[in-house]
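Hi,

Here is the structure I promised to pass on. Have a look at it first, and my notes are underneath.

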Amino acid sequence: MNGRDRTYWVLALLIRLVIGVTFIVASYHKILHPDAFAQSVYYYHMVPASLLHIFALYLPWLELVAGISLIIGCKAKGAAILTALMTLAFIVGLSTSLARNLDISCGCFGTDEGHSVGMSLLIRDIIMFGALGFFLWIERRKELLRA
Amino acid sequence: MGERAMKRSFFSRVVGETLLLAVLTLVAMGLSWLVRTPRFPLVAEISDYEMDLDYPVFAAHDCVAFYEAGTHLFIDTRNLASPAPYIPGAFSISLDSFDEDLRQVFDFIYPEDALLLYGDGRLQATAAVAARFEERGYKVEGIMRGGIEAWHKAGGELSGEVSP
């Protein structure tokens, strides 16, 4: 393994750990309080009413499973795809809320009524999305090198 | 193995992992939903949420946090025929006797107070009291979802008599 590959390996590990922990922490309150999370989701007006509760139940578990998977490195590529898709959904939700001037709590960590939707959250999610894309690129590169 | 085959193999493995995790999540969610009581309804009663457009509806655990921070004034909107548990420090003002109840606590509630209303869990009934408050120039910050029972389950303090 050369110096550059070692740097990539360390970066991939860091991305996995940081994003994994973020998603696990984000899932905690949402799993405990699906009602509060459903409330936050409702404010975005993006999920159909018939699916609101199913979404509020499923998404936090998806965050938890993907977060654990990223941290332990088992099925990490699948977890990276799932977290990237979730992050993309958050980016779309935040962008449309900003465009519509909705003054709502982001609901990102379940009970953070203090975190209003804003540019800083959008930038955070875009960085996370980029990091996940970079992680997948490193993983693919690793496989190519192995072959 | 050619590069195209490698790409396809990488892609199919990633898709496989993604689907496996999605199914695993579904199982975990299902088990958790089955085990936890009371069960969170799978279909939303959307009228509960539509009410939010006029008055924000807060989950009970959020209200417990507000209570502990001392940032809100709690209003009990239930029309109680007999003594029932209540949130300590809450003022009892029901729709049926709104004017009379408000007169009794007039010196203790100021228009700038952040009012948080709760009832027996029926949001529409509580929202009707909220509307009366707003007509009188008071600031209603929100309504607690689930009423006094949800408050109790969220670990909120309770007393035996409604004040004043």
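Below is what I found, going from chain A as a whole to one of its helices and then to the contact with chain B.

One thing to keep in mind: this is a predicted model.

Chain A first. It has five helices and zero strands, so to speak an α-α-α-α-α run when you read from the N terminus. Its C-alpha atoms fill a box of roughly 50 × 30 × 25 Å along the principal axes. Of the 147 residues in chain A, 50% are buried. If you take the contacts in chain A with a separation of 6 or more, 68% are between residues 24 or more positions apart.

On the outside, chain A has an accessible surface of about 6,900 Å², and carbon and sulfur atoms account for 70% of that. As for charge, chain A carries 12 positive and 9 negative charges, whose mean positions are 15 Å apart.

Now helix α5 of chain A, residues 119-146. With 28 residues at 1.5 Å each, this helix should span 40 Å, and its end C-alpha atoms are 41 Å apart, so the two values agree. Buried residues in α5(A) include Leu121(A), Leu122(A), Met128(A) and Phe135(A), but also charged ones, among them Asp125(A), Glu139(A) and Arg141(A).

Finally, the interface. Here 36 residues of chain B are in contact with 37 residues of chain A. Together the two chains bury about 3,400 Å², 70% of it on carbon and sulfur atoms. Phe10(B), Leu21(B) and Phe40(B) supply 18% of the area chain B buries against chain A, more than any other three residues.

Cheers

Key: Residues are numbered from 1 along each chain as its sequence is written. Chains are lettered from A and ligands numbered from 1 in the order in which they are written. This is a predicted model: local features need pLDDT of at least 70, side-chain atom pairs count only at pLDDT 80 or more; totals for chains, interfaces and linings use all residues. Side-chain values use heavy atoms; hydrogens and water are left out. Helices (H or I, at least four residues) and strands (E, at least two) are DSSP runs, numbered from the N terminus. The expected span of a helix is 1.5 Å times one less than its number of residues. Buried means under 20% relative accessible area, exposed over 50%, partly exposed in between (1.4 Å probe, protein chains only). Contact means heavy atoms within 4.5 Å. Accessible areas come from the Shrake-Rupley method with a 1.4 Å probe; for residues, only the protein chains shown count as cover. The place of a charge is taken as NZ of Lys, CZ of Arg, CG of Asp or CD of Glu. Buried area is the accessible area (1.4 Å probe) that two parts lose on being put together, summed over both.
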